[in-house]
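Work through the exercises below with the model in view. Each task is followed by a stepwise solution.

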Amino acid sequence: TRYFALIPAAGIGARVGAGCPKQYLPLAGKAMLLHVLETFAAAPAIAHCFLVVSAGDAYIDEVLASAPQLRTRVTVLLNGGATRHASVSNGLQAMRAQVEDADWVLVHDAARPGLTVALIDKLIAELRDDPVGGLLALPVVDTLKRGNANGRVAATVPRAGLWGAQTPQMFRYALLRRALEEVAEVTDEASAIEALGLAPRLVEGSVRNFKVTLPQDIPLAELLLKGLS
Ligand code: C5P
């Protein structure tokens, strides 16, 4: 069995409010997406990387032209969908000729540039013999409040046992493809696997691997990336 990366990067990243999709924002000297691609390309365990972008993507050619060393490690798929779920499903469909049912796929958000080779290796080491697969995640540290429509606390939600899901999320190709085809819209792969009645394993991730979502996340991501290199 081999390990493949699948990176959905077809979002527009509206919440970050930049002039381009957030995965193309420059962070510490290079596009956010390039940090992610270079990390997967540097991971010896990863056989190959598939990247899903929108058909009309105006940025990807330039990004890849700036990183010729990635040419043999990355295949660009131009069939991004209207949602992350659709983009991942479309990517799995497009890579079918190059993977086998039992191969593992690590799905990773382009918007998590702080991923490291060490985290990839940890995820793979913990899940390679697992019957289901799983994901990087972090135990919730804040006290959680459910808010009402007036911006007031409706309830405090006990945080014991709660984790924040990160990516990569790692499942075998055939299982993941079937799960995503069968379920209604989900926001991560694990949710689709859960809907089949299976229980993905939680592997402790890192705060460095946070998802860049809001404008104030950008300086934080830059700080982390500069510290990582
Ligand atoms: O918007 P959000 O941060 O949840 O996006 C998570 C990841 O999913 C990003 O890498 C984004 O590019 C990707 N995505 C996608 N297709 C969409 C929406 C989001 O590939 N239609």
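**Exercise 1.** State which strands α3 lies across.

Solution. Helix α3 lies across β1 (3-8), β4 (46-52), β5 and β6. Contact here means C-beta atoms, placed from the backbone, within 7 Å. Next, take the direction: α3 runs at about 140 degrees to β1. Angles run from 0 to 180 degrees between N-to-C directions, with axes fitted to C-alpha atoms, for helices over the stretch in contact. Helices (H or I, at least four residues) and strands (E, at least two) are DSSP runs, numbered from the N terminus.

The model is predicted, and local features need pLDDT of at least 70, side-chain atom pairs count only at pLDDT 80 or more, while totals for chains, interfaces and linings use all residues. Residues are numbered from 1 along each chain as its sequence is written.

**Exercise 2.** Describe how α3 packs against α5.

Solution. Start with the geometry: α3 (residues 84-94) and α5 (residues 173-182) pack at about 135 degrees, their axes 10 Å apart. The two helices are therefore oblique to each other (not under 35, over 145, or 65 to 115 degrees). Then list the residues: His85, Val88, Ser89 and Leu92 of α3 meet Leu176, Arg177, Leu180 and Glu181 of α5.

**Exercise 3.** Give the strand order of the open sheet and find its edges.

Solution. The order of the seven strands is β5-β4-β1-β6-β10-β7-β11, with mixed pairing (a pair needs at least two DSSP bridges). At the edges, β5 (74-77) and β11 (201-204) each have a single partner strand, so one side of each lacks a neighbour in the sheet. Inside the sheet, β6 (residues 104-107) and β10 (residues 163-172) pair antiparallel over four bridges. Leu106 has Met170 in β10 as its bridge partner.

Conventions. Two residues are in contact if their C-beta atoms, placed from the backbone, lie within 7 Å.
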